[in-house]
Amino acid sequence: MTEVPDIPLDQIQQRVVAMWMGSFYGSSGYVARKLGKKGLREFQDIGARQVAATFKQLGLEEPEGVAMAIATNDKNLFGSVVEVVEGEGFVEIRRLRCGQMEGAKSFARVGASLIAREHCKTCIESHWQKVISELKMNLEVEHTDEGCIMRISKQKA
């Protein structure tokens with residue numbers, strides 16, 4: 001019997017990014033071809049509502065808990081270098097190096113049409129903006145060369 005090798009964590013994370021992006025963009029592309037832009041927006045809205053519902057089910061309804069959940073996944077699943085910083089009335093997720101942006105750059109290097117900045121726009125506008133809004137919070141984003149800063153705060157009553 002041949003022993004199956006272990007894979008180093010950084011390579012596991014790269015593979016998770018590639019699998020996630022392939023699945024996400026493959027599904028999105030199929031929906032867009034079959035149902036058009038309106039259908040794609042509906043597909044993205046459903047996904048965002050599901051994530052928000054999961055956060056609520058887990059009791060993550062405050063900016064701090066939501067930020068830690070997002071940052072924990074980004075760090076451990078995607079290999080991002082990320083910090084969570086609390087401020088007066090807000091929490092920031094600082095992606096110093098975004099594993100998904102790195103994945104998008106890798107896809108572009110092998111000829112895929114996926115461009116890192118387009119991925120960032122999709123990530124924020126088509127997903128996190130909707131998730132955070134569904135949770136009755138506000139999201140502000142600043143893009144950086146290697147990632148972004150997401151500032152989450154509660155909506156004013």
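Is glutamate 92 buried or exposed? In this predicted model, glutamate 92 counts as buried, at 8% relative accessibility. Let's look at the whole chain before returning to that residue and its partners.

The chain holds four helices and four strands. Following the sequence from start to end, you will meet them in the order α-α-β-β-α-α-β-β. The radius of gyration is 17 Å, which is close to the 15 Å given by the globule rule for 157 residues, so the chain is as compact as a globular protein of that length. If you draw a box along the principal axes, the C-alpha atoms fill roughly 60 × 40 × 35 Å.

A few overall values help to fill in the picture. Of the 157 residues in the chain, 34% are buried. Among contacts with a separation of 6 or more, 55% come from residues 24 or more positions apart. The accessible surface comes to about 10,000 Å², and carbon and sulfur atoms account for 54% of that surface.

Now for the charges. The chain carries 21 positive and 21 negative charges, and the mean positions of the two sets are 8 Å apart. Side chains of opposite charge can pair when their charged atoms come close. Searching the whole structure turns up seven salt bridges, and a few of them are worth a visit.

Start with aspartate 74 and arginine 95, which form a salt bridge with their closest N and O atoms 2.5 Å apart. This pair links distant parts of the chain: aspartate 74 sits in helix α2 (residues 63-78) and arginine 95 in strand β2 (residues 90-97), 21 residues apart. Where do the two partners stand in terms of burial, buried or exposed? Aspartate 74 has a relative accessible area of 4%, which is under the 20% cut-off, so this residue is buried. Arginine 95 is likewise counted as buried, at 4% relative accessibility.

Back, then, to glutamate 92. The side chain of glutamate 92 meets that of arginine 94 in a salt bridge, at 2.8 Å from N to O. Glutamate 92 also forms a salt bridge with arginine 151, where the closest N and O atoms are 2.7 Å apart. This second pair again joins distant parts of the chain, with glutamate 92 in strand β2 and arginine 151 in strand β4 (residues 148-154), 59 residues apart. Taken together, Glu92, Arg94 and Arg151 are linked in a network of salt bridges. Within this network, glutamate 92 is buried, while arginine 94 is partly exposed with a relative accessible area of 28%. Arginine 151 counts as partly exposed too, at 28% relative accessibility.

One last stop concerns the backbone. Most residues other than glycine have a negative phi. Which value does lysine 136 take for phi? Lysine 136 has a positive phi of about 60°, although it is not a glycine. You can find lysine 136 in the loop between α4 (116-134) and β3 (137-143). With 56% relative accessibility, which lies over the 50% cut-off, lysine 136 counts as exposed.

Notes
Residues are numbered from 1 along each chain as its sequence is written. This is a predicted model: local features need pLDDT of at least 70, side-chain atom pairs count only at pLDDT 80 or more; totals for chains, interfaces and linings use all residues. Side-chain values use heavy atoms; hydrogens and water are left out. A salt bridge is a side-chain nitrogen of Lys or Arg within 4 Å of a carboxyl oxygen of Asp or Glu. Helices (H or I, at least four residues) and strands (E, at least two) are DSSP runs, numbered from the N terminus. Buried means under 20% relative accessible area, exposed over 50%, partly exposed in between (1.4 Å probe, protein chains only). The radius of gyration is taken over C-alpha atoms; the globule rule is 2.2 Å times the number of residues to the power 0.38. Contact means heavy atoms within 4.5 Å. Accessible areas come from the Shrake-Rupley method with a 1.4 Å probe; for residues, only the protein chains shown count as cover. Lys and Arg count as positive and Asp and Glu as negative; His and the chain ends are not counted. The place of a charge is taken as NZ of Lys, CZ of Arg, CG of Asp or CD of Glu.
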